[in-house]
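Student: I'm new to this model and would like to look closely at one part of it. Could you take me through that part slowly, and then show me what lies around it?

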Amino acid sequence: MFKMIGALFILTGCMAYGVLSRIQMQLHIRQLKQAEKVMESLGSEITYGKAALYMACRETAGRAEEPYAGFLQQVYEAGFQNEGQPFADIWKQEFTKIAGKLLLKEDEQELIYCFGACSGYMDVKLQESAVERLCREMGKRSAESEQECRSKMKIVMCLSAAGGMVLTMMLL
Amino acid sequence: MSKAEEIIGLFPDYLRPMWTKVLRKMDNLQEIRLRNERPVLLSDGKHEWFLKEDGQVTHCREEAFCMGNRELQAILNHICQYSLYAYEDEIRQGYLTVPGGHRIGLAGQVVLEGKESIRTMKYIGYMNIRISREVLGAADSLLPFLYDRGNFRNVMLISPPGCGKTTLLRDLIRQVSDGNRYGDGRTVGVVDERSELAGAYLGRAQNNLGIRTDVLDACPKSVGMLLLIRSMAPRVIAIDELGEREDIQALQQAALSGTGLMVTVHGEGVEDIKRRIFLQEILKKRLFQRFVVLKKENGSCRIDGIYDEDFQACLR
């Protein structure tokens with residue numbers, strides 16, 4: 001009886017691991033898509049409203065999901081407090097605070113982290129293209145991850161189920 | 001926030017210690033002039049000082065701190081919130097309005113579009129920070145001449161640059177709008193083409209223009225006057241620095257609709273104004289009942305004379 005319950009626990013644990021990995025992959029894609037949306041929104045604020053970066057952050061914060069919403073709001077508030085720091089420094093500083101909450105890969109985080117330095121252009125088209133570039137990159141990464149995820153998810157689920165069975169048999 | 005804090009806020013963090021020292025000490029500053037590789041000049045309208053690197057002031061040129069191109073770029077970027085594109089129109093016109101209603105004049109290399117229109121300005125190497133000061137009560141002595149049994153008389157303020165026309169007009173707007181002992185408060189429409197009267201920042205007036213004042217910011221005067229008449233039905237319209245033929249036409253239309261007028265114009269005095277061809281039409285039609293001439297003496301601005309529609313002195 002105990003052996004049966006133990007086997008059930010092992011199987012459930014392995015399956016749960018598989019499901020968790022699947023959820024993490026989906027969350028990763030979701031965060032990439034959110035980042036893409038955030039950049040799209042920043043871009044439209046700049047293009048149509050000709051809003052300054054801080055104001056664009058504030059407007060976008062109202063439409064974005066966490067953790068991006070809080071991050072953008074913090075960037076706006078730090079700019080509004082006007083301690084004299086450049087936009088790039090504020091952006092990096094605030095992004096570092098939320099980096100731990102993100103499931104993005106290191107190179108993906110690096111892309112967002114460095115965006116702050118792409119500011120101070122006199123020509124609105126240059127600023128727009130800086131935003132577009134990041135937006136495109138995020139879109140590309142999320143499409144790639146989605147494709148990768150589809151094939152990976154099946155393998156992960158199969159492996160976790162198989163792994164659970166093997167482990168159970170070995171222990172029995 | 002104090003004026004000093006507002007001005008300190010214009011500078012990036014690494015320049016603040018120097019400016020904090022000088023601005024906390026000199027609360028009567030009117031202008032700060034920054035020029036590439038030239039000494040930083042401070043002025044209170046009467047005297048001029050050089051700024052030293054340690055935040056002290058001096059009259060000795062050799063001790064003066066010279067601002068480099070890097071610093072000027074950093075200041076401009078900071079003022080424009082690292083979004084120069086958002087301030088493109090203001091830069092093109094050569095000035096920026098910042099929180100507190102202060103104005104920053106800019107000069108550099110102009111990039112033309114066609115023959116006459118300015119596309120933008122690059123290599124900005126000259127900045128003039130003009131510290132805005134509201135002088136509440138500046139128009140007190142003028143008010144008795146501007147009302148006739150409670151009715152407002154159209155007024156033209158005349159002076160050379162830097163004699164306080166805009167300051168006087170600003171207080172006049174406030175007093176006419178709020179009401180005063182000579183007349184009830186009335187709705188005033190302000191067309192603030194250069195954001196100098198209201199000192200609007202992000203659409204919000206930074207100066208007190210009264211409780212019945214509507215401000216149309218950064219709008220050409222000729223377009224703005226007609227727009228305000230149609231949309232806000234002002235009883236008095238105020239505009240600063242009348243200067244173009246289109247402004248005169250709009251002014252005449254405003255007068256025809258029965259709206260009162262408060263305007264300023266550059267000039268040395270009434271004789272100078274009479275000689276201006278573009279102004280002759282409105283003078284002939286006697287649109288204005290009062291002409292106020294301002295002068296600067298020993299660094300102080302004062303009313304030099306008030307004239308009626310026949311150019312007879314009411315006060316001199």
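Student: Let's pick B:Lys221: at its relative accessibility, does it count as buried or exposed?

Tutor: B:Lys221 counts as buried, with a relative accessibility of 7%. Here, buried means under 20% relative accessible area, exposed means over 50%, and partly exposed is in between, using a 1.4 Å probe and protein chains only. Before going on, a word on the ground rules. This is a predicted model, where local features need pLDDT of at least 70 and side-chain atom pairs count only at pLDDT 80 or more, while totals for chains, interfaces and linings use all residues. Residues are numbered from 1 along each chain as its sequence is written, chains are lettered from A and ligands numbered from 1 in the order in which they are written, and side-chain values use heavy atoms, with hydrogens and water left out.

Now, what does that lysine do with its side chain? B:Lys221 meets the side chain of B:Glu193 in a salt bridge, at 3.1 Å from N to O. B:Lys221 belongs to helix α7 (residues 221-232) of chain B, while B:Glu193 sits in the loop between β13 (188-192) and β14 (213-217), so this pair ties together parts that are 28 residues apart in sequence. A salt bridge here is a side-chain nitrogen of Lys or Arg within 4 Å of a carboxyl oxygen of Asp or Glu. Helices (H or I, at least four residues) and strands (E, at least two) are DSSP runs, numbered from the N terminus. The partner, B:Glu193, counts as partly exposed at 24% relative accessibility.

Just before that loop comes β13, and B:Val188 is found in this strand of chain B. B:Val188 counts as buried, at 0% relative accessibility. If you look for B:Gln73, its C-alpha atom is 39 Å from that of B:Val188, with the two positions 115 residues apart along the chain.

Let's move along chain B to another lysine. B:Lys295 and B:Asp304 also meet through their side chains in a salt bridge, here at 3.5 Å from N to O. B:Lys295 is partly exposed at 28%, whereas B:Asp304 counts as buried at 17%. The strands in this region are worth a look: β17 (residues 290-297) and β18 (residues 300-307) of chain B pair in the antiparallel sense over seven bridges. Pairing means that DSSP finds at least two bridges between the strands. Within this pair, B:Val293 of β17 stands opposite B:Gly305 of β18. β17 has another partner too, since strand β12 (residues 155-159) of chain B pairs with β17 in the parallel sense over four bridges, with B:Leu157 opposite B:Val292. In a regular strand, side chains alternate between the two faces of the sheet.

For a salt bridge inside one helix, try α4 (residues 88-93) of chain B. B:Asp89 and B:Arg92 both lie there, three residues apart, or about one turn of the helix. Their side chains meet at 3.4 Å, N to O. Both ends are partly exposed: B:Asp89 has a relative accessible area of 40% and B:Arg92 comes in at 29%. They also belong to a network of salt bridges that links A:Lys50, B:Glu88, B:Asp89 and B:Arg92. Over all chains, the rule gives 28 salt bridges.

Two backbone spots may catch your eye. B:Arg149 has a positive phi, near 45 degrees, although it is not glycine, and it lies in the loop between β10 (147-148) and β11 (151-152) of chain B. At 78% relative accessibility, B:Arg149 counts as exposed. Over in chain A, a cis peptide bond with omega of about 5 degrees joins A:Glu66 and A:Pro67.

Finally, how far can you trust the picture? pLDDT is the predictor's confidence in each residue, from 0 to 100. Chain B has a mean pLDDT of 87, and 99% of its residues reach 70 or more. Among its elements, strand β19 (residues 313-315) has the lowest mean, 76, and strand β15 (residues 236-239) the highest, 94. Where pLDDT is low, predicted coordinates should not be read in detail. The model scores ipTM 0.74 and pTM 0.74.
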